[in-house]
Amino acid sequence: MSTTKNETKTGMKWWILLSAAFLVLIAAVIFFVQNRGQSAVQERQVTLTDVGFDTPVSLQATSSEEDFNQYLKIVSDTFLQYDAYFDQYSQHDGVNGVYTLNREAARNPVKVDEAVLTLLQDSMKYMEKNPKFDITEGKVLSLWHDAREAETPYVPADEDIQAARIHSGLEGIEINGDEISFRDDSVQLDLGAIAKGYTAGVAAQKLHEAGLDNGYINAGGNVVLLGEKPDGSDWVIGIQSPDESGSVVQLVTKDPVTMVTSGDYQRYFEVDGKRYSHIVDPDTGYPVEYMRSVTVIGPADQSEAADANSTTLFLMPVKESMEYAKENSIEAVWITDKGDDTGVEPTYTTDLYDVYVSDGLKDAIRLTGQN
């Protein structure tokens, strides 16, 4: 039986169509294999280096790539926005924040955003509780900031420090609705002791509202756990060694917490072999030397409080700091150089450091390398 010309053409058309369909199927399979990691739920982590606060900010979460990118944008947008509010050294367009207050509030009332008002009011409460936490010593802190950031770092002149220390404190701040005034120009705000913790807490709340219930934010030592680990295992978080990479001790916890460290190794400079940290005692105008670091650990929704408390505890001698923490139900870990005379027996001792742990954390803190 013979095959007609039309039948031959029809057969060829079907063969071409089947071949094309097969190629499309192969391409689809290849595309799926190449991109399944992007859509799959898996652990992801990104560190942002350009979102303000002079610190890298990391987000870790187990999610799809699409969701993770949404979460990362929330973190980035929040830190950039709040850095503009609380930056005392640079003007940000369209923002009446700390920079504007320090330059205009002594002459005219300044209307501020709700976030600035909220953090200022919260900060004033911490300062009333303990004057070591002083948000009005901006002039002194600016002197040390300029000295630290100079091409050749230097120690500010003592007469300049003592002159800058003269300020009216909380009495010089007046709040009327959403407007803030300074009663005299001796007041200069610096919210650096609390702003990063507050911002990390805001970002964490926004992430929860967006549906994220695992992972963490780490803003230069301000850590907020966003939920339990998806596999149910413990979080193990190291507390940084002041002079070496790695950690001295570790926190082991299943529950989400916030953890904030204040230390002399985070932002400092050296002149003639002497280290000067960025944390300045308002009673002297000079950086303190009582310890190498203190880490406050609390509930995950108290990042702001942990930040403020870590600064306050760092500004006291270790024994006094531990007593204040106990009186105010603050859980913390203190690290000093080994052999420093603190008047307190350390919980742990290593080759380089003595470590002091508050009673409520003794079951959760272990030396790094111990199980």
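1. Let's start with the charges: in this predicted model, a network of salt bridges links Asp 243, Asp 264, Arg 275, Arg 292 and Asp 337. One pair in it is Asp 243 with Arg 275, whose closest N and O atoms are 3.6 Å apart. That pair joins distant parts of the chain, since Asp 243 lies in the loop between S8 and S9 while Arg 275 belongs to strand S12 (residues 274-277), 32 residues apart. Asp 243 is partly exposed at 45% relative accessibility, and Arg 275 is partly exposed as well, at 23%.

2. Arg 275 has a second role worth a look on your screen: its charged end sits over the ring of Tyr 268, 4.1 Å from the centre. Lys 274 has a contact of this kind too, its charged end sitting over the ring of Tyr 276 at 5.6 Å from the centre.

3. The count of salt bridges comes to 13. Among them is Asp 234 with Lys 254, at 3.4 Å from N to O. Here, too, distant parts of the chain are linked: Asp 234 is in the loop between strand S7 (222-225) and S8, and Lys 254 is in the loop between S9 and strand S10 (257-263), 20 residues apart. Asp 234 has 35% relative accessibility and counts as partly exposed; Lys 254, at 37%, is also partly exposed. Another of the salt bridges joins Glu 174 and Arg 183 at 3.8 Å, N to O. In this case Glu 174 is partly exposed at 36%, whereas Arg 183 is exposed at 52%.

4. Now for the strands: S8, S9 and S17 form an open sheet in that order, with antiparallel pairing. S8 (235-240) and S17 (365-367) are the edge strands; each has a single partner, so one side of each lacks a neighbour in the sheet. From one strand to the next, the twist averages 30 degrees. Six bridges pair S8 with S9 (residues 247-253) in the antiparallel sense, and Gln 240 stands opposite Ser 247 of S9.

5. Finally, the aromatics. There are 12 aromatic pairs by count, one of which is the tilted pair of Tyr 82 and Phe 86, with 6.0 Å between centres and 55 degrees between planes. How far apart are Tyr 82 and Phe 86 along helix H2? They are four residues apart in that helix (residues 65-86), which means a separation of about one helical turn. Tyr 82 is buried at 10% relative accessibility, and Phe 86 is buried at 4%. Ring pairs also bring Tyr 85 and Tyr 198 into a cluster with Tyr 82 and Phe 86.

Notes
Residues are numbered from 1 along each chain as its sequence is written. This is a predicted model: local features need pLDDT of at least 70, side-chain atom pairs count only at pLDDT 80 or more; totals for chains, interfaces and linings use all residues. Side-chain values use heavy atoms; hydrogens and water are left out. Rings of Phe, Tyr and Trp (its six-membered ring) pair if their centres lie within 6.5 Å; planes under 30 degrees apart count as stacked, over 60 as edge-to-face and the rest as tilted. Helices (H or I, at least four residues) and strands (E, at least two) are DSSP runs, numbered from the N terminus. Buried means under 20% relative accessible area, exposed over 50%, partly exposed in between (1.4 Å probe, protein chains only). A charge sits over a ring if NZ of Lys or CZ of Arg is within 6 Å of the ring centre and within 35 degrees of the ring normal. Two strands pair if DSSP finds at least two bridges between them. Axes are lines fitted to C-alpha atoms, for helices over the stretch in contact, and angles run from 0 to 180 degrees between N-to-C directions. A salt bridge is a side-chain nitrogen of Lys or Arg within 4 Å of a carboxyl oxygen of Asp or Glu.
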